[in-house]
Amino acid sequence: MTGILDVVVLTGFLGSGKTTLLRDSLTLPEAADTAIIVNEAGEIGLDGLILRETGGDVPMTMLANGCVCCQMTSDLARTVEALLAAERPEASGPLRRIVLETSGLSRPGPVLRQFASLAGFPMRVSVVATYDALRGPDTAAFEEAAAQWAAAHRIVVTKLDAAPAERPGEARAEIAALNPLAEIVADPDRAAAVAAAFAPLSGAGLDPALLAQGRDGAHPRVAVWLARPLAPLPYDDLAAWLDNLAGRLGERLLRLKGLVRVVESDRPVLVESVGTLFSRPRPFGRPGDDTAPFVVVIARDLAAGELEGIAPAGLFRFAPRVPGTPFARAGAGLPRAEAIRA
């Protein structure tokens, strides 16, 4: 393998259209350098059979030993290594992408942690989640669905062909309330949506909409908070706060992303996590960039004042993302979790 391998964790609740989306993508020219791993919680790999019907010569393998996010030890790493080592005599080039379709009950955080043993391979990992246009608000009551959407870098609205004309806009609003960090694909044109679903992510995905008006949340247990640094932070203080945040919230931490100014650099630092799995922080933007620093925290069952109690205290001003409270008025050693590039 040469270059960076793109690993896409395709997640989404039961029946939300993951397999159909992936099946349609296998007809595109880009699928020629893609391998597929299908993980199903059941004994019979039906999704894998459906994909094989369409996938042609795309390398495909099954993880049929249970939900990958629930296993203490998984053969996921060995499967990835085998795919990368396999000869591809008919291929025009090296393998450039692996798509892992998880079961509908998998949570992305534990799945991503299993890639830590593959640190020797240069890879870029992202999470793509499906959002059922017909049942999205109803499935939001399931913790697994909320965790999948909150962890996603990109959320694709499915089944729009069977939905009313106004549904794409409504779905965008519902998704933004759950995860304002995610890139949203809500195109009624099926071909365009499929192509966009697995396209390379655009930069860091920082969107001015992060600072826009909040909306009613579709999941009452998921809270979105904005943390504004009161001043440039010593790097060690930022590292300690992130580490303590991950330790305090544990699996309740669903997603984090932001830009923070540190005293050691003239450029803001990009920080990001899916669950407690943190990307490697890196400088972002240009020296003197006047973007207001912020950290968005998406967490489950967050008690009032809980973020303020995380040490070192007094670094941030916190505000919930609630209706009527624009982010713009809101006045949050790097984590010892495994680093993975998102």
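Here are four short exercises on a predicted model, each with a worked solution.

Before you start, note that residues are numbered from 1 along each chain as its sequence is written, and that side-chain values use heavy atoms, with hydrogens and water left out. Because the model is predicted, local features need pLDDT of at least 70 and side-chain atom pairs count only at pLDDT 80 or more, while totals for chains, interfaces and linings use all residues.

**Exercise 1. Salt bridges of E143**

Task: Find which residues form salt bridges with E143, and work out where each pair sits in the chain.

Solution:

Step 1. Start with the term: a salt bridge is a side-chain nitrogen of Lys or Arg within 4 Å of a carboxyl oxygen of Asp or Glu. A search of the whole structure finds 13 of them.

Step 2. Take R107, whose closest N and O atoms to those of E143 are 3.7 Å apart. E143 lies in helix α6 (residues 143-151) and R107 in the loop between β4 (97-101) and α4 (108-113), so this pair ties together parts that are 36 residues apart in sequence. Helices (H or I, at least four residues) and strands (E, at least two) are DSSP runs, numbered from the N terminus.

Step 3. Now take R300, which also meets E143 in a salt bridge, at 3.7 Å from N to O. This pair links helix α6 with strand β13 (residues 294-300), and its two residues are 157 apart.

Step 4. Check accessibility: buried means under 20% relative accessible area, exposed over 50%, and partly exposed in between (1.4 Å probe, protein chains only). E143 has 24% and counts as partly exposed; R107 also counts as partly exposed, at 24%. R300 is buried, with 9%.

**Exercise 2. A pair between two strands**

Task: Place the salt bridge of K257 and E272 in the chain, and decide whether its residues are buried or exposed.

Solution:

Step 1. The side chains of K257 and E272 meet at 3.9 Å, N to O.

Step 2. K257 belongs to strand β9 (residues 253-260) and E272 to strand β10 (residues 269-274), with their positions 15 residues apart in the chain.

Step 3. K257 is buried, and E272 is buried too.

**Exercise 3. The surroundings of R221**

Task: Describe where R221 is found and which residues it contacts.

Solution:

Step 1. Look in the loop between α8 (190-197) and β8 (222-229) to find R221. Its relative accessible area is 34%, so R221 is partly exposed.

Step 2. Leave aside neighbours within four places in sequence, and R221 is in contact (heavy atoms within 4.5 Å) with E143, A299, R300 and D301.

Step 3. Compare sequence with space: R221 and L302 are 81 residues apart in sequence, yet 7.9 Å apart from C-alpha to C-alpha.

**Exercise 4. Rings around W241**

Task: Classify the aromatic pairs that W241 forms with F316 and F318.

Solution:

Step 1. A pair of aromatic rings is described by the distance of the centres and the angle of the planes. Rings of Phe, Tyr and Trp (its six-membered ring) pair if their centres lie within 6.5 Å; planes under 30 degrees apart count as stacked, over 60 as edge-to-face and the rest as tilted. The structure holds five such pairs.

Step 2. For W241 and F316, the centres are 4.7 Å apart and the planes are at 45 degrees, which is tilted. W241 lies in helix α9 (residues 235-249) and F316 in strand β14 (residues 316-320), so the pair ties together parts 75 residues apart in sequence.

Step 3. For W241 and F318, the centres are 6.4 Å apart and the planes at 25 degrees, so the pair is stacked.

Step 4. Put the rings together: W241, F316 and F318 form one aromatic cluster. W241 is buried at 1%, F316 is buried at 7%, and F318 is buried as well.
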